Amino acid sequence: MPLIVLPTSQLLWVRVAAQLFSCVAFSVVAHGASLSHGLADWCVFCWAFSFSVTLLVLLVEHFGLQARAPVSWKNFPITMACYATLLCFSASVIFPVYFLKGQQNHGEARDRRIASTVFSCLATVAYLWEVTLTRARPGEVSGYMATAPGLLKVCQTFVACIIFLLVSDPVSYDHHAALKWCMAVYCVCFILSAAVVVLCVGECTGFLPFPFARFLSAYGLLAVVMYLTATIIWPVFQFDKSYSHTQTRQQPTLLTVAVLTALNFLLYLADLAYSARLVFVSV
């Protein structure tokens, strides 16, 4: 009777572990964790999305379908692994804060929540390990998304998404034109970063009417200047009593937005610095 021998590698087992951990995290929550808050749905989405994309990557590579995939396989797996790392990390922070801290629940429901938190943390570590294994090394020819600027763009889009969630419920940018400018900064930079990710994963950079490297440099400089203005304007017009109209209960959320704005400014600054000296082959 012939035996099926699966090729093994460190990367394969890391992906299998990440898939297993994320699967357990959302399976345990879905069966008996007694959750009704909307953030629970976000956490389940984070784990389910991570599980699904890892399963897709494993199936494509197992059956050797990389050449037939409608995406750049030099860019797709590491992009999804980086998003999965950030999603599982956010779930690992949100879930215990909202569903374990200060909760009076005991028994099986609480045990399931603890188990989901533990496996979410394990999934985060596994996905981070996958990113570490697949990222481009100095002097190595690889896809753009495997380089530091590519991974930074994933982080930029993710941080922008969190900002959008925080400023939209309740709306906290419509009482002054300066805050609307900050929102414009978040939107424009997010769209351009997301466009770069889509172009690289879809292997469409060659269709641009201008050199891709030149576009990255110009856009990086523009994003740094725009985020610098938002980093200054947002806290001034949200916390200065001369301009602020927000309630005290909203201030922790607004402070979080200010911190995330500064974080994205640093990410764009690092992106610009890397892009300025990156000798890149092809995407």
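These are my notebook entries on one serine, the empty spaces and one helix in this structure.

**Entry 1: ground rules**
I'm working from a predicted model, so I take every value here as computed from that model.

**Entry 2: S22**
I started with S22 and looked up where it sits: the residue belongs to helix α1, which runs over residues 10-30. Buried or exposed, I wondered about S22? Relative accessibility comes out at 0%, so S22 counts as buried; the cut-off for that label is under 20%.

Next I checked what the S22 side chain reaches. One polar contact goes to the backbone oxygen of A18 at 3.0 Å. Another goes to the backbone oxygen of Q19, also at 3.0 Å.

Then I looked for neighbours further off in sequence, leaving out residues up to four places away. S22 touches W47, S50, F51, A123 and Y127. I made a note of Y127, since that name comes back in the next entry.

**Entry 3: the cavity**
How many cavities of 30 Å³ or more are there? I got one. For the largest cavity I noted a volume of about 50 Å³. Its lining is made of R15, V53, T54, V57, P77, M80, A81, Y127 and E130. The elements giving two or more residues to that lining are α2 (38-62), α3 (76-99) and α4 (108-134). Sorted by type, the lining has six nonpolar residues, one polar and two charged. So Y127 turns up twice in my notes: it touches S22 and it lines the largest cavity.

**Entry 4: the pocket**
I moved on to the open space. The largest pocket holds about 940 Å³. I found 28 residues in its lining, and I94, Y98, I162, L166 and T256 are the ones nearest the centre. Which elements give two or more residues to this lining? They are α2, α3, α5 (148-168) and α8 (251-277). The lining divides into 19 nonpolar, seven polar and two charged residues.

**Entry 5: helix α8**
Having met α8 at the pocket, I checked its length. It has 27 residues, and at 1.5 Å a residue it should span 39 Å; I got 40 Å between the end C-alpha atoms, which agrees.

Which residues of α8 are buried? My list reads L254, V257, A258, L260, T261, N264, F265, L267, Y268, D271 and S275. I put a mark beside N264 and D271, which are on that buried list. What covers the buried residues of α8 includes α5, α6 (177-201) and α7 (212-239). I also see α5 in both places, as a contributor to the pocket lining and as part of the cover over α8.

Note on methods. Residues are numbered from 1 along each chain as its sequence is written. This is a predicted model: local features need pLDDT of at least 70, side-chain atom pairs count only at pLDDT 80 or more; totals for chains, interfaces and linings use all residues. Side-chain values use heavy atoms; hydrogens and water are left out. Helices (H or I, at least four residues) and strands (E, at least two) are DSSP runs, numbered from the N terminus. Buried means under 20% relative accessible area, exposed over 50%, partly exposed in between (1.4 Å probe, protein chains only). A polar contact is a pair of N or O atoms within 3.5 Å; within protein, one must be able to donate a hydrogen and the other to accept it, and residues adjacent in sequence count only if both atoms are side-chain atoms. Contact means heavy atoms within 4.5 Å. On a 1 Å grid over the protein atoms alone, a cavity is a set of points where a 1.4 Å probe fits but cannot get out, and a pocket is an open set with protein on both sides within 12 Å along at least five of seven lines; lining residues have an atom within 4 Å of a point. Grid points are joined across faces, edges and corners, and a volume is the space filled by probe spheres set on the points. Ala, Val, Leu, Ile, Met, Phe, Trp, Tyr, Cys and Pro count as nonpolar, Asp, Glu, Lys and Arg as charged, and the others, Gly among them, as polar. The expected span of a helix is 1.5 Å times one less than its number of residues.
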